[in-house]
Amino acid sequence: MSVQAVKDTSTNSVAPDKIMQLGLAFWGAKTLLSAVELGVFGALAKEPSSAERLTRTLGLHERGSRDFFDALVALGMLQRKNNLYYNSEEADFYLDPSKPSYIGGFLLMINSRLYESWGKLSHALKTGRPESEAKQSTEDLFSELYSDQEKLKLFLSAMTGISLANAREIAAKFPWSKYTTFCDVGTAQGALAVEVARAHEHLQGTGFDLPAVEPIFTDYVRQNGLSARVKFHAGDFFKHDLPNTDVLVMGHILHDWNLEQKRMLVAKAYKALNEGGALIVYDAMID
C-alpha cells in the first residue's frame, strides 16, 4: 500500500481557533470551578504560597497540583512571582470567601448542580426530559431544592453571588428618598434587602420567600446588623398576596415562568403597591 500526499487546494483560509476554543471551553470552566470548590482563593487570600505548600494546605495530590495552579495563572485567576502563587486582583475581590464581594457561592452551585446536568444536554434535547434534580421527582425544581436544607443553603448563597452587583447598583441609582418601605420578592438570603437598607437608613425592608428560607435569611440579615429594619415575610407568590409596600423588587424571578404566570405576578405586584409605588425588575429573559 502506498501513501500519497494530497495538496489542499481549498481557498478557505478561516482558522479553526474559534471553534476549538469554544469546544474546549469546559477545560477552563472546570478548572475555575474546582479551584473555588477546593478553597484555592481563600487559602491564598491569607498568604501567598509555593506550589508545594499550597498542595499540602489544600490536601491535593502532587501529581497534578502544580499544573493546576499554573492553569489558573494562564486563566488570569492567579499570579506567580518568585515561585509563589497569589490571587489575581479579580480573584482577590470576588473569590475570597471572607469578603462581602464574594460571588463564589454561585460558582459552587454551578459546579455541584449545573455542570453535570449540562453534560447531558444532548440526551435532554432528544428526550425533552429534565436532567436536573427534578428528573426523578414528581415535584418541580424549586420544591425539590427547598426540601433539602443543604441544597437550599447552597442555592440561596448562589443567588447572593449573582445578585450582589445588581443590588448595589439598585441601591445607588434608584430614587429611594421618595419612599419609606420596600419588599424584595424571592429574596433568598436577603442580599438586595441588605444592600438597599444599608445604603438608606430611612427605609424599612421586607424579604418575601417560602417559609424554609426564613432561618437562612434571618441569619444573613443579623450578620449584617440590620435585623431592626429588615424583616422576613413568608409566603408563596402563586398562592398568597404580596405584602403592601412602596417599592417591590423582583430579581431573577420572572424568567422562570411562562407569559401567563409572568403577567399574574406583575398584576399581584401592582395590587400590592401603595399609591405612587414602583416595581423594579432585574432579570435575564429570552424574548
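In the predicted model, the side chain of Asn-258 comes to 3.1 Å from the backbone nitrogen of Glu-260. A polar atom of the Asn-258 side chain also lies 2.8 Å from the backbone nitrogen of Gln-261. Asn-258 belongs to the loop that runs between strand E6 (245-251) and helix H13 (259-272). With a relative accessible area of 42%, Asn-258 is partly exposed, because the value falls between the 20% and 50% limits used for the buried and exposed classes.

The chain as a whole contains 13 helices and seven strands. Of its 287 residues, 40% are buried. When contacts between residues at least 6 apart in sequence are considered, 64% of them join residues at least 24 apart.

Strand E6, which precedes the loop of Asn-258, also contains Thr-245. The relative accessibility of Thr-245 is 3%, and Thr-245 is therefore counted as buried, the limit for that class being under 20%. The side chain of Thr-245 reaches the backbone nitrogen of Phe-182 at a distance of 3.2 Å. Apart from residues up to four places away in sequence, Thr-245 touches Thr-181, Phe-182 and Cys-183, together with Ala-272, Leu-273 and Asn-274. Phe-182 thus appears both in the side-chain to backbone pair and in the list of residues touched by Thr-245.

Strand E6 is also among the elements packed against helix H11. Helix H11 spans residues 191-199, and seven of its nine residues are buried, so the helix is largely enclosed by the rest of the structure. The buried positions are Ala-191, Leu-192, Ala-193, Val-194, Glu-195, Val-196 and Ala-197. These residues pack against helices H10 and H12 and against four strands, namely E3 (181-185), E5 (230-234), E6 and E7 (273-282).

Leu-210 occupies the loop between strand E4 (204-209) and helix H12 (214-223). Its relative accessible area is 26%, and Leu-210 is accordingly partly exposed. Beyond its neighbours within four places in sequence, Leu-210 is in contact with Tyr-146, Phe-232, Gly-235 and Asp-236. Tyr-146 is 64 residues away from Leu-210 along the chain, yet the C-alpha atoms of the two residues are separated by 8.4 Å.

Two helix pairs were examined for their packing geometry. Such a pair is described by the angle between the two axes and by the distance between them. Helix H7 (residues 104-118) packs with helix H10 (residues 149-173) at an angle of about 130°, the axes being 6 Å apart. H7 is therefore oblique to H10, because the angle lies outside the range of 65 to 115 degrees for roughly perpendicular pairs and is not over 145, the limit for roughly antiparallel ones. The crossing of H7 and H10 is left-handed. On the H7 side, the contact is formed by Gly-105, Phe-106, Leu-108, Met-109, Ser-112 and Arg-113. H10 contributes Leu-154, Phe-155, Ser-157, Ala-158, Met-159, Gly-161 and Ile-162. Sorted by class, the residues of this contact are eight nonpolar, four polar and one charged.

In the second pair, the axes of helix H2 (residues 25-38) and helix H5 (residues 62-74) come within 10 Å and cross at roughly 115°. The crossing of H2 and H5 is likewise left-handed. The residues in contact are Thr-31, Leu-32, Ser-34, Ala-35 and Leu-38 from H2, and Phe-68, Ala-71 and Leu-72 from H5. This contact comprises six nonpolar and two polar residues, with no charged residue.

Backbone conformation was considered last. Most residues other than glycine have a negative phi. Asn-82, which is not a glycine, has a positive phi of about 50°. Asn-83 also has a positive value, with phi near 65°. Asn-82 is located in the loop between strand E1 (78-81) and strand E2 (84-87), and Asn-83 is placed in the loop between E1 and E2 as well. The relative accessibility of Asn-82 is 75%, and Asn-82 is counted as exposed. Asn-83 is exposed too, with a relative accessible area of 60%.

Key: Residues are numbered from 1 along each chain as its sequence is written. This is a predicted model: local features need pLDDT of at least 70, side-chain atom pairs count only at pLDDT 80 or more; totals for chains, interfaces and linings use all residues. Side-chain values use heavy atoms; hydrogens and water are left out. Helices (H or I, at least four residues) and strands (E, at least two) are DSSP runs, numbered from the N terminus. Buried means under 20% relative accessible area, exposed over 50%, partly exposed in between (1.4 Å probe, protein chains only). A polar contact is a pair of N or O atoms within 3.5 Å; within protein, one must be able to donate a hydrogen and the other to accept it, and residues adjacent in sequence count only if both atoms are side-chain atoms. Axes are lines fitted to C-alpha atoms, for helices over the stretch in contact, and angles run from 0 to 180 degrees between N-to-C directions. Angles under 35 degrees count as roughly parallel, over 145 as roughly antiparallel, 65 to 115 as roughly perpendicular and the rest as oblique. A crossing is left-handed if the near helix is turned anticlockwise from the far one by less than a right angle, and right-handed if clockwise. Contact means heavy atoms within 4.5 Å. Ala, Val, Leu, Ile, Met, Phe, Trp, Tyr, Cys and Pro count as nonpolar, Asp, Glu, Lys and Arg as charged, and the others, Gly among them, as polar.
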